[in-house]
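Hi,

Here is the structure I promised to pass on. Have a look at it first, and then read on for what turned up.

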Amino acid sequence: SKSYGDPRAVELNNADFATGGLRLVSYARPAKLFTAHEGLFVSEAGKLHPVSLRKVIKAVVAVF
């Protein structure tokens, strides 16, 4: 997604992915979480490197 001026948004680009990636620079917005059933997912864009995943998790935890 876009950052929409969210100061907590974590930028993700192809270098953050261990496999796969995204066509555009995108942002994980930790305050915009939702739950989705796995049956709703059509495909997987990729997997984040552990360092990048920890950065996103840390941002989510900081919201709480």
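Let's start with the pockets: the largest one has a volume of about 840 Å³. Its lining is made up of 24 residues, and those closest to the centre are Leu12, Ala28, Phe34, Phe41 and Leu48. If you want to find your way around by elements, β3 (26-28), β4 (46-48) and α1 (50-63) are the ones that each give two or more residues to this lining. The largest share comes from α1, with four residues. As for chemistry, the lining of this largest pocket divides into 16 nonpolar residues, four polar and four charged. Do keep in mind that this is a predicted model.

Next, the surface. Leu53, Ile57 and Val61 together make a nonpolar patch of about 270 Å². Take Ile57 from that trio: this isoleucine is found in helix α1. Is Ile57 buried, partly exposed or exposed? Its relative accessibility is 44%, and buried means under 20% while exposed means over 50%, so Ile57 counts as partly exposed.

Now compare that with Ser26, which lies in strand β3. Ser26 has a relative accessible area of 15%, and because the cut-off for buried is under 20%, this serine counts as buried.

One last thing to try in the viewer: how far apart are Ser26 and Ala62 in space? From C-alpha to C-alpha they are 20 Å apart, with their positions 36 residues apart in the sequence numbering, that is, 36 residues apart in sequence.

Have fun with it!

How values were computed. Residues are numbered from 1 along each chain as its sequence is written. This is a predicted model: local features need pLDDT of at least 70, side-chain atom pairs count only at pLDDT 80 or more; totals for chains, interfaces and linings use all residues. Side-chain values use heavy atoms; hydrogens and water are left out. On a 1 Å grid over the protein atoms alone, a cavity is a set of points where a 1.4 Å probe fits but cannot get out, and a pocket is an open set with protein on both sides within 12 Å along at least five of seven lines; lining residues have an atom within 4 Å of a point. Grid points are joined across faces, edges and corners, and a volume is the space filled by probe spheres set on the points. Ala, Val, Leu, Ile, Met, Phe, Trp, Tyr, Cys and Pro count as nonpolar, Asp, Glu, Lys and Arg as charged, and the others, Gly among them, as polar. Patches are made of residues with over 30% relative accessible area and no salt bridge: like charges are joined within 9 Å, nonpolar side chains (Val, Leu, Ile, Met, Phe, Trp, Tyr) within 5 Å. Accessible areas come from the Shrake-Rupley method with a 1.4 Å probe; for residues, only the protein chains shown count as cover. A salt bridge is a side-chain nitrogen of Lys or Arg within 4 Å of a carboxyl oxygen of Asp or Glu. Buried means under 20% relative accessible area, exposed over 50%, partly exposed in between (1.4 Å probe, protein chains only).
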